[in-house]
Amino acid sequence: MTDFRQFKLSNGDEIICEVVQWPDDTDEEMIVRKAMALKAHDDEIKGIRYYNFSPWITMQDDTDGFLSLNFAHVLAEIIPSDKMLKHFIEAVETTNLTPEEIQDKVDEYFDKLKSMVDGYADSDLSNVIEFSRDKTKLH
């Protein structure tokens with residue numbers, strides 16, 4: 001069974017990761033992988049808070065690598081919600097994509113948007129008033 005946890009660390013970082021091995025009585029180190037930092041960004045004009053994930057270790061090429069985390073630096077621990085896990089797993093999968101796979105995903109997304117826009121048609125045009133394009137008249 002996969003053991004995903006969300007940790008608040010003493011340096012202020014908030015991470016979500018898969019715990020591979022918990023610390024024991026003789027060692028405070030725990031082994032984790034897929035460690036992603038959770039960042040919050042506030043848009044004060046719109047009054048909205050956005051969240052995003054990024055690899056916790058800078059320039060980490062593969063989130064499947066094992067990391068050692070000192071449990072003494074963990075201030076809080078929680079099991080992430082299903083909604084949070086869904087976004088986390090998507091972020092992990094996206095981080096591990098090659099540039100070609102990323103381009104394929106972007107193309108697929110734009111094709112989906114284009115088909116949604118192309119498929120939209122106003123079936124009832126009877127309520128549209130045509131204006132004269134005569135530039136000598138003021139509307």
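Tutor: Helices (H or I, at least four residues) and strands (E, at least two) are DSSP runs that are numbered from the N terminus. The model shown above is predicted, so local features need pLDDT of at least 70 and side-chain atom pairs count only at pLDDT 80 or more, while totals for chains, interfaces and linings use all residues. Residues are numbered from 1 along each chain as its sequence is written, and side-chain values use heavy atoms, with hydrogens and water left out.

Student: In what order do the elements of the protein run from the N terminus on?
Tutor: The secondary structure comes to 2 helices and 6 strands. Written from the N terminus on, with β for a strand and α for a helix, the elements run β-β-β-β-β-β-α-α.

Student: What share of the residues in the protein is buried?
Tutor: A residue counts as buried under 20% relative accessible area, as exposed over 50%, and as partly exposed in between (1.4 Å probe, protein chains only). Of the 139 residues in the protein, the buried ones make up 21%.

Student: Is lysine 34 buried or exposed?
Tutor: Lysine 34 is found in strand S3, and its phi is near 60°, a positive value in a residue other than glycine. The relative accessibility of lysine 34 is 19%, and therefore this residue counts as buried.

Student: How many salt bridges does the structure hold?
Tutor: The term stands for a side-chain nitrogen of Lys or Arg within 4 Å of a carboxyl oxygen of Asp or Glu. One such contact joins the side chains of arginine 49 and aspartate 42 at 2.7 Å, N to O, and arginine 49, with 46% relative accessibility, counts as partly exposed. The number of salt bridges in the structure is 6.

Student: How many residues apart in sequence are the parts that glutamate 77 and arginine 5 tie together?
Tutor: Glutamate 77 and arginine 5 form a salt bridge whose closest N and O atoms are 2.4 Å apart. Because glutamate 77 lies in strand S6 (residues 74-78) and arginine 5 in strand S1, the pair ties together parts of the chain whose separation in sequence is 72 residues.

Student: Which partner of that bridge is buried, with a relative accessible area of 17%?
Tutor: Glutamate 77 has a relative accessible area of 37%, so this side of the bridge is partly exposed. Both residues are linked with Asp3 in a network of salt bridges. The partner that is buried, at 17%, is arginine 5.

Student: What is the N to O distance in the salt bridge of lysine 8 and glutamate 14?
Tutor: Lysine 8 counts as partly exposed because its relative accessibility is 34%, and glutamate 14, at 25%, counts as partly exposed too. The side chains of these two residues meet in a salt bridge, with an N to O distance of 4.0 Å.

Student: Why is the pair of phenylalanine 7 and tryptophan 22 given a name of its own kind, and what is that name?
Tutor: Rings of Phe, Tyr and Trp (its six-membered ring) pair if their centres lie within 6.5 Å, and planes under 30 degrees apart count as stacked, over 60 as edge-to-face and the rest as tilted. The structure holds 5 aromatic pairs. The ring centres of phenylalanine 7 and tryptophan 22 are 6.3 Å apart and their planes stand at 75°, so the pair is edge-to-face.

Student: Where in the chain do phenylalanine 7 and tryptophan 22 lie, and how many residues apart?
Tutor: Phenylalanine 7 is buried, as its relative accessible area is 0%, whereas tryptophan 22 is partly exposed at 30%. Their pair links distant parts of the chain, with phenylalanine 7 in strand S1 (residues 4-9), tryptophan 22 in the loop between strand S2 (14-21) and strand S3 (29-43), and a separation of 15 residues.

Student: What distance separates the C-alpha atoms of phenylalanine 88 and alanine 37?
Tutor: Phenylalanine 88 has its place in helix H1 (residues 82-95), where it counts as buried because its relative accessibility is 1%. Ring pairs link Phe88 with Phe4 and Phe53 into a cluster. Although phenylalanine 88 and alanine 37 are 51 residues apart along the chain, the separation of their C-alpha atoms is 9.7 Å.

Student: In which helix is methionine 116 found?
Tutor: The relative accessibility of methionine 116 is 53%, so this residue counts as exposed. The helix in which methionine 116 is found is H2.
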